[in-house]
Every structure is written in structure tokens, then in C-alpha cells.
Amino acid sequence: MEIDRIDRRILKLIQADGRMAVADLSERVGLSPSSTGERLRRMQKEGVILGYGARLDPHRLGLGLLVFVEVSLDKTTADIFDRFAAAVRAAPEVLECHMVAGGFDYLVKTRVADMTAYRRFLGEVLLTLPGVKETRTYAVMEEIKSDGFLPIGSTPFG
């Protein structure tokens, strides 16, 4: 699927405000509401737009501690990778999990209330996942940027 300049503008706008009405969106990109709506439907159908949601304030929800964890597995076989991945997908406390190249196997991102809650998560969830041999924890002291927007048309690296 070809993503043109107008599609990129639409994506940038809805990334900042997913609740923007099609009429407002069409005015901002210079197209008719029907053309804009068709572009949105096409990008949804093609899987460019994965869905819509709300960004929540984790501190107001009692999830003030952001933690990244390096996870090393005891074996690096397809079976262990599959079992670990399935278990992580079933763990609601895990916000993100990425298999990485380097000195460890996975990088896990979680949010919890505090260090006591993290220790509970570590012992009851993370260390019980299939194949986990070792972890290293990095508690975030300050979030500098966490909007999660993709750099659509604003960087030479894409």
C-alpha cells in the first residue's frame, strides 16, 4: 500500500487526537470529508491504523513506578522462546516485551504502584515465566518523553 503525503498528514493528526471528527480532519488536510473517510477506512483495512485508544495518566491510576527488565533465558531454543512469548502475552502486568539482540534475550516494560509491588511482580510473575534464568531491573527515575507517537514525516530516518 502506498502512503502519500496526505495519508501521512492524516496519520500524524489522528495520532495526536484519535477522536478528531472526520469533518475537522478533512478540513486540516484539505480534502472532502468523504475522501478523508475513505482514506481512513483504507488505512484501517490495510492495517496501517491498528486501532484507537485513550492515553491514561498512570500516576492517577496508582501505577507510578515504570520499570524495564532485562531477561535472560536459560536456553535459547524455539520451544523456550514460544513458551516464554505465550506466557508474556497472558501477563497483563507486562506492557511491552521485545526480543533483542545483545547480551540478554528480552526487554520487558511494566508499570506498578511502587517497589513493593514490583518485587511482588518479579517473584510471582516474571521469575515464574518459562525459561527465565536471570533478570536485571531498571527503575525509571524520570520519564523524559513517553508520548509514543511515530515520527511520521518528521525525521530523515524513516
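Contact here means heavy atoms within 4.5 Å, and every view shows a predicted model.

**View 1. Surroundings of Arg 111 in strand β3.** Leaving aside residues up to four places away in sequence, Arg 111 touches Pro 58, Leu 63, Gly 64, Leu 65, Leu 66, Glu 93, Leu 95 and Glu 143. Two of these neighbours also appear in polar pairs: the side chain of Glu 143 is joined to that of Arg 111 by a polar contact of 2.3 Å, while the backbone oxygen of Leu 63 lies 3.0 Å from a polar atom of the Arg 111 side chain. Because its relative accessibility is 14%, below the 20% limit for burial, Arg 111 counts as buried.

**View 2. The two sides of helix α5 (residues 115-124).** Ala 117, Tyr 118, Phe 121 and Leu 122 are the buried residues of α5, and they cover an arc of only 140 degrees around the axis, which puts them on the same side of the helix. Among the elements that cover these buried residues are β1 (65-73), β2 (94-99), β3 (106-112) and β4 (132-139), whereas Thr 116, Arg 119 and Glu 124 are exposed on the other side of α5. At the N-terminal end, α5 is capped by Asp 114, with a side-chain oxygen 3.2 Å from the backbone nitrogen of Thr 116.

**View 3. Packing of helix α2 (residues 22-29) with helix α3 (residues 33-45).** The axes of α2 and α3 are 8 Å apart and form an angle of about 100 degrees, so the two helices are roughly perpendicular to each other. Val 22, Leu 25, Ser 26 and Val 29 of α2 meet Pro 33, Thr 36, Gly 37 and Leu 40 of α3, a contact made up by class of 5 nonpolar, 3 polar and no charged residues.

Notes
Residues are numbered from 1 along each chain as its sequence is written. This is a predicted model: local features need pLDDT of at least 70, side-chain atom pairs count only at pLDDT 80 or more; totals for chains, interfaces and linings use all residues. Side-chain values use heavy atoms; hydrogens and water are left out. Axes are lines fitted to C-alpha atoms, for helices over the stretch in contact, and angles run from 0 to 180 degrees between N-to-C directions. Helices (H or I, at least four residues) and strands (E, at least two) are DSSP runs, numbered from the N terminus. Angles under 35 degrees count as roughly parallel, over 145 as roughly antiparallel, 65 to 115 as roughly perpendicular and the rest as oblique. Ala, Val, Leu, Ile, Met, Phe, Trp, Tyr, Cys and Pro count as nonpolar, Asp, Glu, Lys and Arg as charged, and the others, Gly among them, as polar. Buried means under 20% relative accessible area, exposed over 50%, partly exposed in between (1.4 Å probe, protein chains only). The arc is that of the directions from the helix axis to the C-beta atoms. A polar contact is a pair of N or O atoms within 3.5 Å; within protein, one must be able to donate a hydrogen and the other to accept it, and residues adjacent in sequence count only if both atoms are side-chain atoms.
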